[in-house]
Amino acid sequence: MEAFLKAEGLVKRYGHINALRGIDLQVDRGDSVVLLGPNGAGKSTLLGVLAGRVRPTEGQVILQGETQGKTLGKSALARSLTGYLGHSSLLYQGLTARENLLFYGKLYGVEDSAERSDEMLNFMGLWERRDDKVGGFSRGMEQRLSIARSLLHDPQLILLDEPFSGLDYQSSRAFAHALRQLRDGRRTLIIATHDMAAVEDLGDRVTIMNRGRILHQEKIPLETSGSTPGNIIDLYAKIIPGVKK
Amino acid sequence: MRAAYAIFRKDLLLELRGREIVVTLTVFSFLVLTVFSFSTEPGSPAPREMAPGILWITFLFAGILGLGRAFDRERESGCFTGLLLAPCDRMQVYWGKCLSTLAFLMVFQAILWPIFGILYGYSPVRGIGTAWAGIILGDIGFVALGVILSAVTIHARGREIILPLLLLPLSLPVLVGGVRVLTLALAGGSGAEALTWIGRLAAFDVIFLVLGSVLFPLVVEE
């Protein structure tokens, strides 16, 4: 069976900086892949390329059997299959939570976007704050609304870049709970994170990157040692030079 | 054009809530027109003779200010990326931003028009049809160029300087055409000559809009 998502020989250069140096990746439908790596490893660039936000210098992305053009990012069809949560929330601070979702619903061509927006506000526990401007939200609430935005069009591929950054413990756990609900075998998740505890919780596979390359991929639970956070840190420390346990 | 309309509506909603762009542009332009009108000897015919040029230069600088503000909203929280990730032809993002920016410019210009008449001694209804045909066509050309250049410079350091440096020279055809049409309209001059200039402005608009629509999807990717 052909992989749902395939990246072949992805290279991305920004001037003399090589952000990606030949990435090959295959992800099956319904899989959840956790990307680990130090800052500057190329995780965000890889997610940007997979989302169609960043144009690769070389290589290609094949999504659901369709090769994505290199010059114009992903096709509109591929973008409709993809939900992206980046470092920024992509939300308008001057609009209310509901207005933001209604706008993105219209933009993404969601049928009955009002009903779908309300459904997502409920799913993310933001119904009570639906008419409040996003500018007044806490970081955790904004992050939850942001994932509602990225799921609004019911994407098959969900790309999450540091989804736990800036969240307190409680918000982080609530957010992880929402992500677990997305692992329904139908949606494919790729999550870039520094949170080792999230690996076992959210991933079927861990992929460790450094300096624009994939250095290691392994199924969860780890075959040799089990997947406690401690063992994942051990594995990470073994692969990434200079990391102290 | 579903996505273009959604962007247009969203921009209008944000502006209705904050009134940031229209108020800023109106106050800025009012100050510029007032300062120019007092810059010569009392009773001198110079301000009146230069009025069309002064008004259009004011429009251009205010337009740059407006474009900056409109794209600041897209920059905050990375919203521009959100627009680009939408599963629509990226040309629609361009058209949506063009429509809303054009609406903001025309609203502030409509407010400014009677003030301009009072300050420079013109009847606000004299040649109004021809004058506004020139203003609207000039606006379309300016916005067609301005939106694509704003998108290119959205993440650039020093974009406040880069945008006018790129946009002002490229807007010269709009400035020349706009000033000519306005001069002829205010002087009650030959309709045929005004029509010629209106035709040239319309041709610039078509060229700029076609170029903008084709280039926008290419220039917005990292």
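A cavity is a set of grid points where a 1.4 Å probe fits but cannot get out, and its lining residues are those with an atom within 4 Å of a point. The legends below describe close-up views of a predicted model.

**Figure 1. The second largest cavity is lined by residues of chain A and by B:Leu85.** The whole structure holds two cavities of 30 Å³ or more, and the second largest of them encloses about 60 Å³ of space. Its lining consists of A:Ala51, A:Arg79, A:Thr82, A:Gly83, A:Tyr84, A:Tyr108, A:Arg149, A:Ser150, A:His153 and B:Leu85. Two elements of chain A, β6 (82–85) and α5 (139–151), each give two or more residues to this lining. The largest share is that of β6(A), with three residues. Sorted by class, the lining residues of this cavity are four nonpolar, four polar and two charged.

**Figure 2. Chain A and chain B meet in a contact that draws on 33 residues of chain A and 28 residues of chain B.** About 2700 Å² is buried between the two chains, and carbon and sulfur atoms account for 59% of that area. On the side of chain A, the residues that lose the most area to chain B are A:Arg79, A:Tyr92 and A:Leu107, which together make up 26% of what that side buries. One of these residues, A:Arg79, also appears in the lining of the second largest cavity.

**Figure 3. A salt bridge joins the side chains of A:Glu99 and B:Arg17.** The N to O distance in this pair is 2.6 Å. Across the interface of chain A and chain B, one salt bridge is found. Polar contacts between the two chains number 11 residue pairs, counted where both residues have pLDDT of 80 or more. Within chain A, β1 (5–14), α2 (76–81) and α3 (97–107) each contribute at least two residues to the side that touches chain B. Of that side, α3(A) provides the largest share, namely five residues. The residues of chain A that touch chain B comprise 14 nonpolar, 10 polar and nine charged.

**Figure 4. The largest pocket has A:Arg53 and B:Glu222 among the residues that lie nearest its centre.** The pocket holds about 370 Å³ of space. Its lining is made up of 22 residues, and those nearest the centre are A:Arg53, B:Gly78, B:Thr81, B:His155 and B:Glu222. In chain B, α4 (79–84) and α6 (128–152) each supply at least two lining residues. With three residues, α4(B) gives the most to the lining of this pocket. The lining of the largest pocket divides into nine nonpolar, eight polar and five charged residues.

**Figure 5. A:Asp112 and A:Asp154 are shown in two loops of chain A.** A:Asp112 is a residue other than glycine with a positive phi, near 50 degrees. The loop that holds A:Asp112 runs between α3 and α4 (113–123) of chain A. A:Asp154 likewise is not a glycine, and its phi is positive at about 55 degrees. The position of A:Asp154 is in the loop between α5 and β7 (157–161) of chain A. The helix α5 of chain A is also one of the elements giving two or more residues to the lining of the second largest cavity.

Methods
Residues numbered from 1 in each chain as written. Chains lettered and ligands numbered in written order. Predicted model: local features only at pLDDT ≥ 70, side-chain atom pairs only at ≥ 80, totals over all residues. Heavy atoms only, no water. Contact = heavy atoms within 4.5 Å. Buried area = accessible area lost by both parts, 1.4 Å probe. Salt bridge = Lys/Arg side-chain N within 4 Å of Asp/Glu carboxyl O. Polar contact = N/O pair within 3.5 Å; in protein donor to acceptor, adjacent residues only side chain to side chain. Helix = DSSP H or I, 4+ residues; strand = E, 2+ residues; numbered from the N terminus. Nonpolar A, V, L, I, M, F, W, Y, C, P; charged D, E, K, R; others polar. 1 Å grid on protein atoms, 1.4 Å probe; cavity = no way out; pocket = protein on both sides within 12 Å on 5 of 7 lines; lining within 4 Å. Points joined across faces, edges and corners; volume = space filled by probe spheres on them.
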